[in-house]
Amino acid sequence: MAVRKKIIDRFSKRFDDLDQSNRQAYLLRLVRERGLFETVFNAIEDGILVIDRDLKLRYFNRAAEKLLGLPGDVSNVRFSQLIPGINWKQLLDSGENAWHQVVRQELEIRYPEPRFVQFYLAPLDADTGLAAVILHDVTENRRRTGAELEQETVKAVSLLAAGVAHEIGNPLNSLYLNLQILEETLNSSDHTEIDPGEVTSILEICKSEVERLDSIIHSFLGAIRPGKGVFSPVDLRELVVEVLNFMRPEIEARKVEVKCSWNSPFPPLSGDREQLKQAFYNIIRNAVQAMSNGGTLAVYGYSSPEFLCIEFADSGKGMTPEALRDMFIPFKTSKASGNGIGTMIIERVCREHGAEFGVVTEAERGTVFQIRFPTGAKRVRLLN
């Protein structure tokens, strides 16, 4: 009611400022604009909804109605009943009237029929306390034939190859210029004037650029490596600790404190050990790099009858809705030393394991990466 009152008050103030003829024109324009937006939103294949902090539906288009099997009367329907795979308690625990966190997650809905959807939630105007939700049906992506997947892989490789060609241009140019300077210095007529410190500096730059090239190539290969993984029982707790120990120098250099918490029982998972290590490495590295002035990385592991869940929560700068969107675009990154492939690798590994990968973030408050691995009968159903 408070939100509706704010909207009405704004409308009333604007309406009172107009004379009689302009009021009629204003009302006519509002009617036309509403009709236009209704037409546009109902023509979109993705489900679009607007919800409030009580998780009540304020608006939904036809695609959302069909995808979620919404009844004629939604006044008593809470959105959490329709999308159970989201940690709503975590999103609403701030106790404030406005939404602040942005969420992106791929999950399964079971009604009116089993579907996989990509769920995206972003806050609207803080004064309204509303959030927009977009649901993109990705069921067919998971059911593609081998030939279709192979064709899609070829397209992805072409895209990645073009990106790699662009990415390696800068370090190669830097290498060429610095080696040219070194050559001119060594070929100068007076070798006694060569500054050892300058030569060392040039060699350090060349070494750094070679390491950068190596990182780009390894990330590229990791993103497109074909074939199914070699699955065997894996202790996820042991694997996460192994990655954390490997990254200890970088973690300590950035003054990041790591806290791990594992609920019992936490049984082994059937997975590809090397693929999972690669995914955890990219998640932890993203989290650590988001805390340039130190902070805390909290790792939570817990289980349910159908899932093994791991969350990586950092206390870093968080992300805006735009940054979260760009995070899933290959070779588009805000990091000076990044290449934008890390998230693509994480998603590929999660899909290979039938897992759901989600991100919850808030600007200046931190980010939570969550992976939910299906277990037992749930895993069989997801992979069929």
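**Figure 1. Pairing of Leu297 with Asp314 between strand 9 and strand 10 in the predicted model.** Leu297 stands opposite Asp314, a residue of strand 10. Strand 9 (295-303) and strand 10 (307-314) run antiparallel and are joined by 7 bridges. The two strands form a hairpin, with 3 residues between them. Leu297 is also among the residues with the most contacts inside the largest nonpolar core.

**Figure 2. Parallel pairing of strand 7 with strand 9.** Strand 7 covers residues 256-262 and is joined to strand 9 by 7 bridges. Trp262 stands opposite Gly301, which lies in strand 9. Strand 9 thus appears in two pairings: parallel with strand 7 and antiparallel with strand 10.

**Figure 3. Start and buried side of helix 10.** Helix 10 comprises residues 236-246, and its buried residues are Leu236, Leu239, Val240, Val243 and Leu244. These residues lie on the same side of helix 10 because they cover an arc of only 135 degrees around the axis. At the start of the helix, a side-chain oxygen of Asp235 comes to within 3.0 Å of the backbone nitrogen of Arg237.

**Figure 4. Surroundings of Phe280.** Leaving aside residues up to four places away in sequence, Phe280 touches Leu236, Leu239, Val240 and Val243, and also Ile310, Phe312, Ile371 and Phe373. Leu236, Leu239, Val240 and Val243 are among the buried residues of helix 10. Phe280, Leu236, Phe312 and Phe373 are among the residues with the most contacts inside the largest nonpolar core.

**Figure 5. The largest nonpolar core and a second, separate core.** The largest core has 39 residues; Leu236, Leu276, Phe280, Leu297, Phe312, Phe357 and Phe373 have the most contacts inside it. At least two residues of this core come from each of helix 10, helix 12 (273-289), strand 9, strand 10, helix 13 (321-327), helix 14 (342-352), strand 11 (356-362) and strand 12 (366-374). Helix 12 supplies the largest share, 7 residues. The second core is separate and has 30 residues, including Leu55, Leu70, Val103 and Leu135.

**Figure 6. The whole protein, as context for the close-up views.** The protein has 15 helices and 12 strands. Of its 384 residues, 40% are buried. Among contacts with a separation of 6 or more, 65% are between residues 24 or more positions apart. The protein exposes about 21800 Å², of which carbon and sulfur atoms supply 54%.

Terms used: Residues are numbered from 1 along each chain as its sequence is written. This is a predicted model: local features need pLDDT of at least 70, side-chain atom pairs count only at pLDDT 80 or more; totals for chains, interfaces and linings use all residues. Side-chain values use heavy atoms; hydrogens and water are left out. Buried means under 20% relative accessible area, exposed over 50%, partly exposed in between (1.4 Å probe, protein chains only). Helices (H or I, at least four residues) and strands (E, at least two) are DSSP runs, numbered from the N terminus. The arc is that of the directions from the helix axis to the C-beta atoms. A polar contact is a pair of N or O atoms within 3.5 Å; within protein, one must be able to donate a hydrogen and the other to accept it, and residues adjacent in sequence count only if both atoms are side-chain atoms. A nonpolar core is a set of buried Ala, Val, Leu, Ile, Met, Phe, Trp, Tyr and Cys residues joined through side-chain atoms within 4.5 Å. Contact means heavy atoms within 4.5 Å. Accessible areas come from the Shrake-Rupley method with a 1.4 Å probe; for residues, only the protein chains shown count as cover. Two strands pair if DSSP finds at least two bridges between them.
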